[in-house]
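Ready to practise reading charged pairs in a protein? Have a look at the structure below, then work through the exercises at your own pace.

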Amino acid sequence: ASFQTIPCPQPNIAGFPDLDFPSGVECGYLTVLENRARPDGRRIRIFVTRAHAVSTTPKRDPVVYLSGGPGGAGSFEVAFMVKHGLNADREVIFVDQRGTHRADPLLRCPGWEQFLFDSVSVPFAAESSTAADAAALKECRNQLAANGIDLASYNSTENAADIADLRVALGIDSWSVYGVSYG
């Protein structure tokens, strides 16, 4: 795995200026194998934002902020968390997990997103909603697989390995992820 710093993209999310990256944060990509069982396989990029500690005497171990459960984009949270001082006394590292927001590849499902938009007023447990939801997800899965995405590699185990690779790539001895320290 390797890490490369890039200029933070602006806007972060078009039409939502409150979510733009604040000045002083650093952005970059962690490059990892899509499937660690295939050392010669495709490489993907995980988007990372680093909000350095504001304190002149910061604590040495950073906090890794993961969004979702699993599979969320930490970059959605950067502006809010920095504004509210999450990085007051230690660096906070925000990660867009595999396939989310600024990760490369981004695993978009436009048909499923349209289903969600269209079904706002439909009863949640209705059979028609369940069938339409399943059909949209199946269509998305088939499109992603047809584009060469190894869907079996987008899971919690790989996300955890990405976080371990990120720690090593950044040269950090230990950090807190969900409040659990490891090194």
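Here are three exercises on salt bridges in this predicted model, each with a worked solution.

**Exercise 1.** Find the partner of Arg 36 and say which parts of the chain the pair links.

*Solution.* Start with the charges: side chains of opposite charge can pair when their charged atoms come close. Next, look at the distance: the closest N and O atoms of Arg 36 and Asp 165 are 2.7 Å apart. That is within 4 Å, so the pair counts as a salt bridge. Now place the two residues: Arg 36 sits in the loop between strands E2 and E3, and Asp 165 in helix H4. They are 129 residues apart.

**Exercise 2.** Decide whether Arg 98 and Glu 158, which form a salt bridge, are buried or exposed.

*Solution.* First, recall the cut-off: buried means under 20% relative accessible area. Arg 98 has 6%, so Arg 98 is buried. Glu 158 has 12%, so Glu 158 is buried. Finally, check the contact itself, which is 3.5 Å from N to O.

**Exercise 3.** Work out what the salt bridge between Arg 38 and Asp 150 ties together.

*Solution.* Begin with the contact: the closest N and O atoms are 3.3 Å apart. Then locate each end: Arg 38 is in the loop between E2 and E3, while Asp 150 is in the loop between helix H3 and H4, so the salt bridge ties together parts 112 residues apart in sequence. As a last step, note that Asp 150 counts as buried, at 15% relative accessibility.

Definitions and conventions
Residues are numbered from 1 along each chain as its sequence is written. This is a predicted model: local features need pLDDT of at least 70, side-chain atom pairs count only at pLDDT 80 or more; totals for chains, interfaces and linings use all residues. Side-chain values use heavy atoms; hydrogens and water are left out. A salt bridge is a side-chain nitrogen of Lys or Arg within 4 Å of a carboxyl oxygen of Asp or Glu. Helices (H or I, at least four residues) and strands (E, at least two) are DSSP runs, numbered from the N terminus. Buried means under 20% relative accessible area, exposed over 50%, partly exposed in between (1.4 Å probe, protein chains only).
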